[in-house]
Amino acid sequence: MKIKALYAGSFDPLTKGHYDIIQRASKICDELVVGVIVNPQKKPYFHIQKRKELIEGATKEFDNVKVESFSGLLADYVNDNGFNVVVRGLRNGQDFENEIPMAQLNAKLYNNQVETIFLMTSPEHAFISSSMVREVAQLNGNVKELVPANIYEELKKL
Ligand code: PNS
């Protein structure tokens, strides 16, 4: 069976931790879609189209990785687009606690036709979050080590 996987998130912005998950997931999937979620309740740092373009730029070396955007329920997007795997990254125990009920609820919404798989973030990236990157960047701190190069260049412009 071919693995068509979704790696969904806000990616506002994509970090080196996200990039690491994409790189590793792309090796075990036939097709990997990075799904950038539009959350109408949140005011984003980067517009959805910009986030998508930045992720495309950062992942262009991976032939089997595509970037899409979506809104609404994750499970609807997964069911409607024929995904059979959803990838999530885990940095620590707190992520684990948050992810388990979400994966268990989603399993029901996927009618048990889709598996959520978890990849542990590499230790050198375990402390990175998009919210910390935004905060440091807004206060003119150096985020060079935290995000892919094209995203670093974009953050410097703000
Ligand atoms: O960037 P994040 O916070 O890791 O993304 C989390 C995401 C996009 C997976 C989650 O917020 C989500 O699934 N949002 C869509 C709305 C939804 O399906 N909610 C029910 C989750 S059980």
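Which residue in E4 does Leu 6 stand opposite? Select Leu 6 and look across to the neighbouring strand, where Val 86 in E4 stands opposite Leu 6. Before going further, note that this is a predicted model, in which local features need pLDDT of at least 70 and side-chain atom pairs count only at pLDDT 80 or more, while totals for chains, interfaces and linings use all residues. Residues are numbered from 1 along each chain as its sequence is written, and side-chain values use heavy atoms, with hydrogens and water left out.

**The sheet**

Select strand E1 (residues 4-9) together with strand E4 (residues 85-90), which pair in the parallel sense over three bridges; two strands pair if DSSP finds at least two bridges between them, and helices (H or I, at least four residues) and strands (E, at least two) are DSSP runs numbered from the N terminus. Widen the selection to the open sheet, whose five strands run in the order E3-E2-E1-E4-E5 with parallel pairing. Strand E3 (65-71) and strand E5 (115-120) stand at the edges with a single partner strand each, so one side of each is left without a neighbour in the sheet. From one strand to the next the twist averages 30 degrees, where axes are lines fitted to C-alpha atoms, for helices over the stretch in contact, and angles run from 0 to 180 degrees between N-to-C directions.

**Helices on the sheet**

Next select helix H1 (residues 16-28), which packs on the sheet and touches E1, strand E2 (31-38), E3, E4 and E5, contact meaning heavy atoms within 4.5 Å. The direction of H1 makes about 125 degrees with that of E5. Helix H4 (residues 93-109) also packs on the sheet, touching E4 and E5, and its direction makes about 160 degrees with that of E4.

**Salt bridges**

Now show the side chains of Glu 99 and Arg 88, which meet in a salt bridge at 2.8 Å, N to O (a side-chain nitrogen of Lys or Arg within 4 Å of a carboxyl oxygen of Asp or Glu). This pair links distant parts of the chain, with Glu 99 in helix H4 and Arg 88 in strand E4, 11 residues apart. Both Glu 99 and Arg 88 are buried, on a scale where buried means under 20% relative accessible area, exposed over 50% and partly exposed in between (1.4 Å probe, protein chains only).

Return to helix H1 and select Asp 20 and Arg 24, which lie four residues apart, about one turn of the helix, and form a salt bridge with the closest N and O atoms 2.9 Å apart. Asp 20 counts as buried because its relative accessibility is 7%, whereas Arg 24, at 27%, counts as partly exposed.
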